[in-house]
Amino acid sequence: MFRRLVISVNSTIGAGDSMVAGLIYAITQNETPKNMLRWGVARGVSATLSEGSDLAHKENIEKILKLL
């Protein structure tokens with residue numbers, strides 16, 4: 001079952017790079033493929049919550065991970 005997460009996008013700058021960073025982080029932590037995806041999505045979404053070129057913030061990543 002899919003859940004829909006609705007957010008207010010402030011900027012997409014760096015969202016893809018942040019997603020890749022999340023994937024790489026999860027790989028280095030020997031996470032499962034499912035958790036690798038969760039980390040990537042959480043970091044990418046977190047970047048979209050930030051203004052301009054400000055990237056993902058830890059508190060936003062943690063909130064999003066709880067929702068996924």
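**View A. Helix 1 against helix 2.** In this predicted model, helix 1 (residues 15-28) packs on helix 2 (residues 33-49) at an angle of about 150°, and their axes are 7 Å apart. That angle is over the 145 degrees cut-off, so helix 1 counts as roughly antiparallel to helix 2. The crossing of helix 1 past helix 2 is right-handed. On the helix 1 side, the residues that do the touching are Ala15, Ser18, Met19, Ala21, Gly22, Leu23, Tyr25, Ala26 and Ile27. Facing them from helix 2 are Asn35, Met36, Leu37, Trp39, Gly40, Val41, Arg43, Gly44, Ala47 and Thr48. Sorted by class, the contact of helix 1 with helix 2 comes to 12 nonpolar, 6 polar and 1 charged residues.

**View B. Methionine 36, a helix 2 residue in that contact.** Here we zoom in on methionine 36, which sits in helix 2. Is methionine 36 buried, exposed or partly exposed? It has 22% relative accessibility, and buried means under 20%, so methionine 36 is classed as partly exposed. Setting aside residues up to four places away in sequence, methionine 36 touches Leu23, Ala26, Ile27 and Glu31. Glycine 22 is also worth finding in this view: its C-alpha is 7.3 Å from that of methionine 36, with the two positions 14 residues apart in sequence terms.

**View C. Glycine 44, also in helix 2.** Glycine 44 belongs to helix 2. With a relative accessibility of 9%, glycine 44 counts as buried. Which residues does glycine 44 contact, once neighbours within four places in sequence are left aside? They are Ala15, Ser18 and Met19, and these three appear in the list of helix 1 residues that meet helix 2. For another landmark, look to leucine 55: glycine 44 and leucine 55 are 11 residues apart in sequence, and their C-alpha atoms are 8.8 Å apart in space.

**View D. Threonine 48 and the residues around it.** Threonine 48 is another helix 2 residue. Its relative accessibility is 10%, so threonine 48 counts as buried. What does threonine 48 contact, leaving aside its neighbours within four places in sequence? The set is Ile7, Ser8, Val9, Asn10, Ser11 and Ala15. Ala15 also turned up among the contacts of glycine 44.

**View E. Asparagine 30 in the loop.** Between helix 1 and helix 2 there is a loop, and asparagine 30 lies in it. The backbone is the thing to look at here: asparagine 30 is not a glycine, yet its phi is positive, at about 55°. Asparagine 30 counts as exposed, with a relative accessibility of 70%.

**View F. Helix 2 against helix 3.** Helix 2 and helix 3 pack at an angle of about 130°, and the distance between their axes is 8 Å. That makes helix 2 oblique to helix 3. Helix 2 passes helix 3 in a right-handed crossing. The helix 2 side of the contact is made of Arg38, Trp39, Ala42, Arg43, Val45, Ser46 and Leu49. The helix 3 side is made of Asn60, Ile61, Ile64 and Leu65. By class, the contact of helix 2 with helix 3 holds 7 nonpolar, 2 polar and 2 charged residues.

**View G. The largest nonpolar core.** Which residues make up the largest nonpolar core? There are 5 residues in all: Ala42, Val45, Ile61, Ile64 and Leu65. Helix 2 and helix 3 (58-67) each put in at least two residues of this core. Helix 3 has the largest share of it, with 3 residues. Leucine 65 is a good place to stop and look around: apart from neighbours within four places in sequence, leucine 65 is in contact with Arg38, Trp39 and Ala42.

**View H. Arginine 3, ahead of helix 1.** Arginine 3 is in the segment before helix 1. With 64% relative accessibility, arginine 3 counts as exposed. Not counting residues up to four places away in sequence, arginine 3 touches Leu67 and Leu68. For scale, tryptophan 39 is 36 residues away from arginine 3 along the chain, and the C-alpha atoms of the two are separated by 16 Å.

Conventions. Residues are numbered from 1 along each chain as its sequence is written. This is a predicted model: local features need pLDDT of at least 70, side-chain atom pairs count only at pLDDT 80 or more; totals for chains, interfaces and linings use all residues. Side-chain values use heavy atoms; hydrogens and water are left out. Axes are lines fitted to C-alpha atoms, for helices over the stretch in contact, and angles run from 0 to 180 degrees between N-to-C directions. Helices (H or I, at least four residues) and strands (E, at least two) are DSSP runs, numbered from the N terminus. Angles under 35 degrees count as roughly parallel, over 145 as roughly antiparallel, 65 to 115 as roughly perpendicular and the rest as oblique. A crossing is left-handed if the near helix is turned anticlockwise from the far one by less than a right angle, and right-handed if clockwise. Contact means heavy atoms within 4.5 Å. Ala, Val, Leu, Ile, Met, Phe, Trp, Tyr, Cys and Pro count as nonpolar, Asp, Glu, Lys and Arg as charged, and the others, Gly among them, as polar. A nonpolar core is a set of buried Ala, Val, Leu, Ile, Met, Phe, Trp, Tyr and Cys residues joined through side-chain atoms within 4.5 Å. Buried means under 20% relative accessible area, exposed over 50%, partly exposed in between (1.4 Å probe, protein chains only).
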